Every structure is written in structure tokens, then in C-alpha cells.
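Work through the following exercises with the coordinates open, and treat each solution as a check on your own reading of the model.

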Amino acid sequence: MEKVNFIKDQLENVLGFINISPHFFIEDKGDKISVEIEGENLNFLIGYRGESLSALQNFLNVAMNRNLGTEEWSRVVVDINGYRQQRESKIEDIVRGLIDRVRFFGKEVEMSPMSSSERYFVHEFVSDYEDVTSESVGEKANRHVVLKPIARKDKE
């Protein structure tokens, strides 16, 4: 409960500073703390390709993990008006198509650059496949995921 209250206070401070008061819900799901923000005209809070959303999420992660002094690191995931959920659904569709391409051609496929949270999502999604693996490559804004086939050992 301490984490939820800390996130609530930080979020109220940030939103108050930019003079908006959308509704938000915070839930401790054990492995992560989920923050759902809802309201009208919040596109500026999402930003271009979710950059402002990612910045808010990064701020809350750093603030909580530095200031609470807990031994166990926690992850904060922020979504605004379902943006992240819609984006993850699109990424899933793209990754499924690229996995089919990797399987068919047996070659690596590079994805477009994406944020660390999106790359994390791709790695988690691909981990469910036994014949394809993923790896992040590149630096800074050009960091992206490469999907690779896993060589199969013939069963005797």
C-alpha cells in the first residue's frame, strides 16, 4: 500500500503542476503497479508515439524505486485512455507477421526502433515461441528488436 500511496502523491503533484485533473486508478498487481489515467484531451500527455507517456512512466519508476528504499524493485506501468493497450495490440499483430516471416525464410528480421517498454513487451511476447528468439540491438533512439530463428536439433 505504501507504493500505491507514493505513486498517487507523485502523480497528483505532476498533474497538478500542469494544471489538469484527470481520473486515475492505481493497482498493485504484485509484479507491477498499474496506473490507468482517463480523461478528455490528454493526447499531449501521451505525446508523439507515446514519448510523453513513457517519460511519465519513467519518472514514476525512478521516483518510487529511489525514494521508497525498498529492497525489491517494482515496475510501474502507466496507460492513458487505453493508448498502451491499443499500441501493444498493434505490436502483437506486427510481431506475429514477422514471426511467420522468420519461420518461412529462416532468416533474421529487424523491427523498427521502439521504446524500452515496447521492446520489453516484444521480448515477453516472443518468449512464448519455441522456434523464434528476440534480441535488442542498436543504441539510443535506434535501438530495436531483431527476431531470429532458433536452430532446431534433429531428433533421433
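**Exercise 1.** Decide whether Asn-19 is buried or exposed, and then describe its backbone setting.

*Solution.* The model is a predicted one. Begin with accessibility: the relative value for Asn-19 is 70%, and because the cut-off for exposed is over 50%, Asn-19 counts as exposed. Next, place the residue in the chain, where Asn-19 falls in the loop that runs between helix H1 and strand S1 (23-28). Finally, read the backbone torsion: phi of Asn-19 is positive, about 60°, although the residue is not a glycine. As background for that last step, most residues other than glycine have a negative phi.

**Exercise 2.** Repeat the analysis for Lys-140, asking in which loop it lies.

*Solution.* Lys-140 sits between strand S5 (132-137) and strand S6 (144-149), in the loop that links them. Its phi is near 45°, again a positive value in a residue other than glycine. With a relative accessibility of 78%, Lys-140 counts as exposed.

**Exercise 3.** Identify which members of the largest nonpolar core touch the most other members, and trace where the core comes from.

*Solution.* The largest nonpolar core holds 19 residues, and those touching the most other members are Ile-37, Val-76, Val-78 and Ile-80. Turning to secondary structure, at least two core residues come from each of helix H1 (2-17), strand S2 (32-38), helix H2 (43-46), helix H3 (51-67) and strand S3 (75-80). Of the contributors, H3 gives the most, with 5 residues. A further core, separate from this one, has 15 residues, among them Val-109, Phe-121, Val-122 and Val-126.

To look at one member in detail, take Val-76 and set aside neighbours within four places in sequence: the contacts that remain are with Ile-7, Ile-33, Val-35, Gln-57, Leu-60, Asn-61 and Met-64.

**Exercise 4.** State how many cavities of 30 Å³ or more there are, and characterise the lining of the largest cavity.

*Solution.* The count at this threshold is 1 cavity, and the volume of the largest cavity is about 60 Å³. Its lining consists of Arg-49, Gly-50, Leu-53, Ser-54, Tyr-83, Arg-84, Arg-87, Ser-115, Ser-117 and Glu-118. Sorting these residues by class gives 2 nonpolar, 4 polar and 4 charged. Sorting by element instead, H3, helix H4 (83-105) and helix H5 (116-126) each give two or more residues to the lining, and H4 gives the most, with 3 residues.

Key: Residues numbered from 1 in each chain as written. Predicted model: local features only at pLDDT ≥ 70, side-chain atom pairs only at ≥ 80, totals over all residues. Heavy atoms only, no water. Core = buried A, V, L, I, M, F, W, Y, C linked by side-chain atoms within 4.5 Å. Buried < 20%, exposed > 50% of the residue type's maximum accessible area, 1.4 Å probe, protein only. Helix = DSSP H or I, 4+ residues; strand = E, 2+ residues; numbered from the N terminus. Contact = heavy atoms within 4.5 Å. 1 Å grid on protein atoms, 1.4 Å probe; cavity = no way out; pocket = protein on both sides within 12 Å on 5 of 7 lines; lining within 4 Å. Points joined across faces, edges and corners; volume = space filled by probe spheres on them. Nonpolar A, V, L, I, M, F, W, Y, C, P; charged D, E, K, R; others polar.
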